[in-house]
Amino acid sequence: FNWIYKGIENGSDNGISSVLDKISLNLIINSINNGFIPKAGYQFNLRWSLKEYFEGGDNMADIIQDIKSVLRVKVNKKETDKLDNDKEYYFAVGQIVNYLLSKSKGKKKPHSLANQFLNSKNNEDVKERLRKLYVKYSYDPDINGKRFNNLYAMIVGYVPEGKVNNDLMIAGYLNSNLIYEKNEEEN
């Protein structure tokens, strides 16, 4: 009402951008929980388009592209590298959660298991849940691959400075997985 009829864009916690922020994040998480991954991708893109419109700032597509390029190099190195910032860290967490959940032997892939990560409020919680997920799927021989080991070691070795970035975790979860990519050397 304030936004449409009074022209008030952002006055307090009830501004349109804060309402859209809360609602859109819940919609994306709900779509992931129900296994609607393509729909969650569209919702994520809409969320960031609206955030960019109302709040300005960097384009999420550019941010993700930059993070993926950097992580792609680090994941494929012979020696384990390190993560440089929180953006790389949370994107990598999303990637590793997606990868580990893809190892489920069940007929249906349990995307709802990602909910525990996407709703985490602190990093210690994220790392503990990640450790438990790793133990759960550690029986799979593919988990001992170089890419997975590099990515997981970088996550374990990094201590984030800011609060949990759910957006980048979701972006990492929804993006094509770097662990499954083939190098030119492998072709």
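This passage describes the fold, two helices, the internal spaces and selected residues of a predicted protein model.

The predicted model contains nine helices and zero strands. Read from the N terminus, the order of elements is accordingly α-α-α-α-α-α-α-α-α. Of the 187 residues in the protein, 41% are buried. Among contacts with a sequence separation of 6 or more, 75% join residues that lie 24 or more positions apart.

Helix H4 comprises the 16 residues 60–75, and at 1.5 Å a residue these should span 22 Å; the C-alpha atoms at its two ends are 22 Å apart, in agreement with that expectation. The buried residues of H4 are Met 60, Ile 63, Ile 64, Ile 67, Lys 68, Leu 71, Lys 74 and Val 75. Viewed down the axis of H4, these buried residues fall within an arc of 125°, so they line one face of the helix. Ala 61 and Asp 66, on the other side of H4, are exposed. The packing partners of the buried residues of H4 are H3, helix H5 (86–102), helix H8 (146–157) and helix H9 (166–174).

A corresponding description applies to helix H7. For its 15 residues, 123–137, a rise of 1.5 Å a residue predicts a span of 21 Å, and the separation of 21 Å between its end C-alpha atoms agrees with this value. Asn 123, Val 126, Leu 130, Leu 133 and Tyr 137 are the buried residues of H7. Around the helix axis they cover an arc of only 85°, which puts them on the same side of H7. Glu 124 and Lys 132 are exposed and occupy the face of H7 turned away from its buried side. The buried residues of H7 pack against H5, helix H6 (115–118), H8 and H9. H5, H8 and H9 are thus among the packing partners listed for the buried residues of H4 and are also listed for those of H7.

Internal space was examined next. Rolling a probe the size of a water molecule over the atoms shows where empty space is left. The count comes to one cavity of 30 Å³ or more, and the largest cavity has a volume of about 60 Å³. Its lining consists of Ser 17, Leu 20, Asp 21, Ser 24, Arg 47, Leu 50, Lys 51, Phe 54 and Glu 55. Helix H2 (16–33) and helix H3 (37–55) each contribute at least two residues to this lining, and H3 provides the largest share, with five residues. By class, the lining of the largest cavity holds three nonpolar, two polar and four charged residues.

The largest pocket has a volume of about 220 Å³. Asp 21, Leu 25, Arg 47, Lys 51, Lys 163, Val 164, Asn 165, Asn 166 and Asp 167 form its lining. The elements giving two or more residues to the lining of this pocket are H2, H3 and H9. Two nonpolar, two polar and five charged residues make up the lining of the largest pocket.

Arg 47 appears in the lining of the largest cavity and in that of the largest pocket. This residue lies in helix H3 and is buried, with a relative accessible area of 3%, a value below the cut-off of 20% for burial. With residues up to four places away in sequence left out, Arg 47 touches Leu 20, Asp 21, Ser 24, Leu 25, Ile 28 and Asp 167. Of these contacts, Leu 20, Asp 21 and Ser 24 are among the residues lining the cavity, while Asp 21, Leu 25 and Asp 167 are among those lining the pocket.

Two residues outside the helices were also considered. Ser 176 is located in the segment after H9 and, at 44% relative accessibility, counts as partly exposed. Its contacts, not counting residues up to four places away in sequence, are Lys 68, Gln 95 and Glu 181; Lys 68 is one of the buried residues of H4. Ser 176 and Tyr 99 are 77 residues apart in sequence, and their C-alpha atoms are 9.9 Å apart in space. Lys 108 lies in the loop between H5 and H6 and counts as exposed at 72% relative accessibility. Along the chain, Lys 108 and Gly 35 are 73 residues apart, with 9.1 Å separating their C-alpha atoms.

Technical notes. Residues are numbered from 1 along each chain as its sequence is written. This is a predicted model: local features need pLDDT of at least 70, side-chain atom pairs count only at pLDDT 80 or more; totals for chains, interfaces and linings use all residues. Side-chain values use heavy atoms; hydrogens and water are left out. On a 1 Å grid over the protein atoms alone, a cavity is a set of points where a 1.4 Å probe fits but cannot get out, and a pocket is an open set with protein on both sides within 12 Å along at least five of seven lines; lining residues have an atom within 4 Å of a point. Grid points are joined across faces, edges and corners, and a volume is the space filled by probe spheres set on the points. Helices (H or I, at least four residues) and strands (E, at least two) are DSSP runs, numbered from the N terminus. Ala, Val, Leu, Ile, Met, Phe, Trp, Tyr, Cys and Pro count as nonpolar, Asp, Glu, Lys and Arg as charged, and the others, Gly among them, as polar. The expected span of a helix is 1.5 Å times one less than its number of residues. Buried means under 20% relative accessible area, exposed over 50%, partly exposed in between (1.4 Å probe, protein chains only). The arc is that of the directions from the helix axis to the C-beta atoms. Contact means heavy atoms within 4.5 Å.
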